[in-house]
Amino acid sequence: MHIRSSVVGLTVEDVEVSSKFLVDHLGYVEHLAADGFAALSRADGGVDIALHRRGLEVLPPELREVLVAGTIVAFVVDDLDAEQERLRGEGVEPTLPIREEPWGERLLLITDPNGVVYELAEWADPPSGR
């Protein structure tokens, strides 16, 4: 199997609100938008994100009413301190400010208005192959 790209699909209550958050604070560009749907990507090849409105008929019946919960979309960044400062300057207060984990990861969490949680992380000693 050859994977050409990756997309994370998230079901939210208000697609426009989450799309705006991704564009305004995480550098995404909205490429496609329709009633209840938006497709976003980044120029640097980060994971694409597809937003679906709860109840959208394209979703399998058993998932139509299930909002994203318990999912954390994580991004590895180069300068976590600068990202936290930038986000605060944009009015985004971290849900979890920078913390260091014993396994060498530094991370912070932010949450969009729909409750989607994003992690920004950096590694003291990056895992091999990354």
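**Exercise 1. The setting of Ser-18**

In which helix is the place of Ser-18? Determine also the burial of this residue and its contacts within the predicted model.

*Solution.*
Step 1. Ser-18 lies in helix H1, which covers residues 15-26.
Step 2. The relative accessible area of Ser-18 is 0%. Buried means under 20%, so Ser-18 is buried.
Step 3. Once neighbours within four places in sequence are set aside, Ser-18 is in contact with Val-12, Leu-51, Asp-112, Asn-114 and Val-116.
Step 4. With Asp-112, one of these residues, the side chain of Ser-18 makes a polar contact of 2.5 Å.

**Exercise 2. The overall architecture**

Describe the secondary structure and the dimensions of the protein, and decide whether its radius of gyration agrees or disagrees with that of a compact globule.

*Solution.*
Step 1. The secondary structure comprises 2 helices and 8 strands. Read from the N terminus, the order of elements is β-α-β-β-β-β-α-β-β-β.
Step 2. Along the principal axes, the C-alpha atoms fill a box of roughly 45 × 40 × 25 Å.
Step 3. For 130 residues, a compact globule would have a radius of gyration near 14 Å. The protein has 16 Å, which agrees with that expectation.
Step 4. Of the 130 residues, 35% are buried. The protein exposes about 7,900 Å², of which carbon and sulfur atoms supply 52%.
Step 5. Among contacts between residues at least 6 apart in sequence, 48% join residues at least 24 apart.

**Exercise 3. Gly-9 in its strand**

Locate Gly-9, classify its accessibility and name its contacts beyond the neighbours within four places in sequence.

*Solution.*
Step 1. Gly-9 belongs to strand E1, residues 7-12.
Step 2. The relative accessible area of Gly-9 is 49%. Exposed requires over 50%, so Gly-9 counts as partly exposed.
Step 3. Outside the neighbours within four places in sequence, Gly-9 is in contact with Ala-50 and His-52.
Step 4. A separation can be added to this picture: Gly-9 and Val-29 are 20 residues apart along the chain, and their C-alpha atoms are separated by 16 Å.

**Exercise 4. The E2 and E3 hairpin, and Leu-56**

In what sense do strands E2 and E3 pair, and over how many bridges? Relate the hairpin to the contacts of Leu-56.

*Solution.*
Step 1. Strand E2 (residues 29-34) pairs with strand E3 (residues 37-41) in the antiparallel sense, over 5 bridges.
Step 2. Val-29 has Ser-41 in E3 as its bridge partner.
Step 3. The hairpin has 2 residues between the strands, and Gly-36 takes a positive phi near 85°.
Step 4. Leu-56 is placed in the loop between E4 and E5. Its relative accessibility is 14%, so Leu-56 counts as buried.
Step 5. Not counting residues up to four places away in sequence, Leu-56 touches Asp-35, Gly-36, Phe-37 and Arg-64. Gly-36 thus appears both in the hairpin and among the contacts of Leu-56.
Step 6. Between Leu-56 and Trp-123, 67 residues apart in sequence, the C-alpha to C-alpha distance is 38 Å.

**Exercise 5. Salt bridges**

How many salt bridges does the structure hold? Examine the pairs of Arg-54, Arg-86 and Arg-106, giving distances and accessibility.

*Solution.*
Step 1. The structure holds 12 salt bridges. Side chains of opposite charge can pair when their charged atoms come close.
Step 2. Arg-54 and Glu-65 form a salt bridge through their side chains, at 2.3 Å from N to O. The pair links distant parts of the chain, with both residues in the loop between E4 (48-53) and E5 (72-76), 11 residues apart. Arg-54 is partly exposed, at a relative accessible area of 30%.
Step 3. Arg-86 and Glu-90 form a salt bridge at 3.1 Å, N to O. Arg-86 is partly exposed, with a relative accessible area of 31%, and Glu-90 also counts as partly exposed, at 34%.
Step 4. In the salt bridge of Arg-106 with Glu-100, the closest N and O atoms are 3.5 Å apart. Arg-106 counts as buried at 16% relative accessibility, whereas Glu-100 is exposed at 59%.
Step 5. Salt bridges with shared partners join Asp-81, Glu-100, Arg-106 and Glu-122 into one network.

Methods:
Residues are numbered from 1 along each chain as its sequence is written. This is a predicted model: local features need pLDDT of at least 70, side-chain atom pairs count only at pLDDT 80 or more; totals for chains, interfaces and linings use all residues. Side-chain values use heavy atoms; hydrogens and water are left out. Helices (H or I, at least four residues) and strands (E, at least two) are DSSP runs, numbered from the N terminus. Buried means under 20% relative accessible area, exposed over 50%, partly exposed in between (1.4 Å probe, protein chains only). Contact means heavy atoms within 4.5 Å. A salt bridge is a side-chain nitrogen of Lys or Arg within 4 Å of a carboxyl oxygen of Asp or Glu. A polar contact is a pair of N or O atoms within 3.5 Å; within protein, one must be able to donate a hydrogen and the other to accept it, and residues adjacent in sequence count only if both atoms are side-chain atoms. The radius of gyration is taken over C-alpha atoms; the globule rule is 2.2 Å times the number of residues to the power 0.38. Accessible areas come from the Shrake-Rupley method with a 1.4 Å probe; for residues, only the protein chains shown count as cover. Two strands pair if DSSP finds at least two bridges between them.
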